[in-house]
Amino acid sequence: KIADRPELFLVDVKMLPNNKLIIHVDGDEGISIQDCVAISRHVGFHLEEENAIEQAYNLEVSSPGVGEPLKLVRQYSKNVGRTLGIKLKDGLKKEGKLLAVTENDLLIEESVKEKGKKAVAVQTTVPFNDILETSVLISFK
């Protein structure tokens, strides 16, 4: 059970129209395949025992994929030091290295370039209330 493992946390639960139940779980230090298998067995057993879903379904338990947006403050915390792409509710986009996270906002270091000048590293605080979507950017350099 996730409740028995404080380092693990539930990110999202979705039931797709094709009766696929997707459960995304993560951990402060990542999550192993064995953990996903154990959670899948536990959830599957209880769903069957309680007949919670009447029609046939497929159960998928995994960590959120690389392209999945961050949803929880805990996910941001485990990505400190990585580069984020942030879409704001006002339509603006920001990209920068995540430096710090609080329960209300995050601090990024973004590269700002003014005309005719070199880019300068600027620290920017971004309130969670202003964020529409955030993704971790993967670099293959």
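The following questions and answers concern the fold of a predicted model.

Q: How many helices and strands does the secondary structure of the protein come to?
A: Along the sequence, the elements follow the pattern β-β-α-β-α-β-β-β-β-β. Counted by type, the secondary structure comes to 2 helices and 8 strands.

Q: Which strands stand at the edges of the open sheet of 3 strands?
A: The order in this sheet is E1-E2-E3, and the pairing is mixed. An edge strand has a single partner strand, so one side of it is left without a neighbour in the sheet. The strands in this position are E1 (8-15) and E3 (58-62).

Q: In E2, which residue is the bridge partner of Leu10?
A: Strands of a sheet pair through backbone hydrogen bonds, either parallel or antiparallel. Strand E1 and strand E2 (residues 20-27) run antiparallel and are joined by 7 bridges. In E2, the bridge partner of Leu10 is Val25.

Q: At about what angle does helix H1 run to E3?
A: Helix H1 covers residues 33-49 and lies across E1, E2 and E3. Its angle to E3 is about 145°.

Q: Why is the protein described as more spread out than a compact globule?
A: The C-alpha atoms fill a box of roughly 65 × 30 × 30 Å along the principal axes. For 141 residues, the globule rule gives a radius of gyration of 14 Å. The protein is more spread out than a compact globule because its radius of gyration is well over that value, at 19 Å.

Q: What percentage of the residues of the protein count as buried?
A: A residue counts as buried when its relative accessible area is under 20%. Of the 141 residues, the share that meets this cut-off is 30%.

Notes:
Residues are numbered from 1 along each chain as its sequence is written. This is a predicted model: local features need pLDDT of at least 70, side-chain atom pairs count only at pLDDT 80 or more; totals for chains, interfaces and linings use all residues. Side-chain values use heavy atoms; hydrogens and water are left out. Two strands pair if DSSP finds at least two bridges between them. Helices (H or I, at least four residues) and strands (E, at least two) are DSSP runs, numbered from the N terminus. Contact means heavy atoms within 4.5 Å. Axes are lines fitted to C-alpha atoms, for helices over the stretch in contact, and angles run from 0 to 180 degrees between N-to-C directions. The radius of gyration is taken over C-alpha atoms; the globule rule is 2.2 Å times the number of residues to the power 0.38. Buried means under 20% relative accessible area, exposed over 50%, partly exposed in between (1.4 Å probe, protein chains only).
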